[in-house]
Amino acid sequence: MPFGSLVERGLIAPGTEVVDKQRRVRATVSADGTLTSGALRGSIHQVGAAVQNAPSCNGWTFWHFDRDGALLALDVLRAESVV
């Protein structure tokens, strides 16, 4: 399932800030389902890889969002969307 479809369905709102688990890096969810972090813009996987200077990244498990004070991986939204 593409991350953008979760944005389209309202499961995560544009403007939501996402962070890595250690809260070292941040990105913002865009209306088109991409992330922006500074000058970087791309998929959850592309931006995750770029901020880590890594060849690849599983954005579903790298990026986290806050829900009622709990830091949850984006993968939680993907799992909830199929229920």
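This is a short talk on the fold of one protein chain and a few of its residues.

Keep in mind throughout that this is a predicted model. Let me start with the overall picture. The protein chain has four helices and six strands. In sequence order, the pattern reads α-β-β-β-β-α-α-β-β-α. So you begin on a helix and you finish on a helix.

Now the dimensions. The C-alpha trace spans about 35 × 25 × 20 Å along its principal axes. Does the radius of gyration agree with a compact globule, or disagree? It agrees, because a compact globule of 83 residues would come out near 12 Å, and the protein chain has 12 Å.

What about the inside and the outside? Buried residues account for 39% of the 83 residues. The exposed surface is about 4,700 Å², and carbon and sulfur atoms supply 50% of it. On charge, there are 8 positive and 8 negative, and their mean positions are 4 Å apart. One more global number. Take the contacts between residues at least 6 apart in sequence: 35% of them join residues at least 24 apart.

Next, helix H2, residues 44-52. Which residues of H2 are buried? They are Ile 44, Val 47, Gly 48 and Ala 49. What do they pack against? Three helices are on the list: H1 (3-8), H3 and H4 (74-81). Two strands are there too: S3 (35-37) and S4 (40-42).

Stay with strand S3 for a moment. Ser 37 lies in that strand. Ser 37 counts as buried because its relative accessible area is 14%, and the cut-off for buried is under 20%. Set aside its neighbours within four places in sequence. Ser 37 then contacts Arg 26, Ala 27, Val 47 and Val 51. Val 47 is one of the buried residues of H2 we just met.

Now walk off the end of H2. Just after the helix comes Asn 53, with a positive phi of about 55°. Asn 53 is not a glycine, yet it has that positive phi. Where is Asn 53 placed? In the loop between H2 and H3, and H3 covers residues 59-62. Buried or exposed? Asn 53 is exposed, because its relative accessibility is 74%, and exposed means over 50%.

On to the hairpin. Strand S5 is residues 64-67, and strand S6 is residues 70-73. The two pair in the antiparallel sense, over four bridges. To find the register, look at His 64, which stands opposite Ala 73 in S6. How many residues sit between S5 and S6? Two. Asp 68 is in that turn. Asp 68 also has a positive phi of about 55°, and it is not a glycine either. Asp 68 is exposed, because its relative accessible area is 78%.

A last stop, back towards the start of the sequence. Gly 10 lies in the loop between H1 and strand S1, which is residues 17-19. Gly 10 counts as exposed because its relative accessibility is 58%. How are Gly 10 and Ala 70 placed, along the chain and in space? They are 60 residues apart along the chain, and their C-alpha atoms are separated by 19 Å.

To recap, we have four helices and six strands, and an antiparallel pair in S5 and S6. Asn 53 and Asp 68 are the loop residues to look up on screen, with a positive phi of about 55° at Asn 53 and about 55° at Asp 68.

Definitions and conventions
Residues are numbered from 1 along each chain as its sequence is written. This is a predicted model: local features need pLDDT of at least 70, side-chain atom pairs count only at pLDDT 80 or more; totals for chains, interfaces and linings use all residues. Side-chain values use heavy atoms; hydrogens and water are left out. The radius of gyration is taken over C-alpha atoms; the globule rule is 2.2 Å times the number of residues to the power 0.38. Buried means under 20% relative accessible area, exposed over 50%, partly exposed in between (1.4 Å probe, protein chains only). Contact means heavy atoms within 4.5 Å. Accessible areas come from the Shrake-Rupley method with a 1.4 Å probe; for residues, only the protein chains shown count as cover. Lys and Arg count as positive and Asp and Glu as negative; His and the chain ends are not counted. The place of a charge is taken as NZ of Lys, CZ of Arg, CG of Asp or CD of Glu. Two strands pair if DSSP finds at least two bridges between them.
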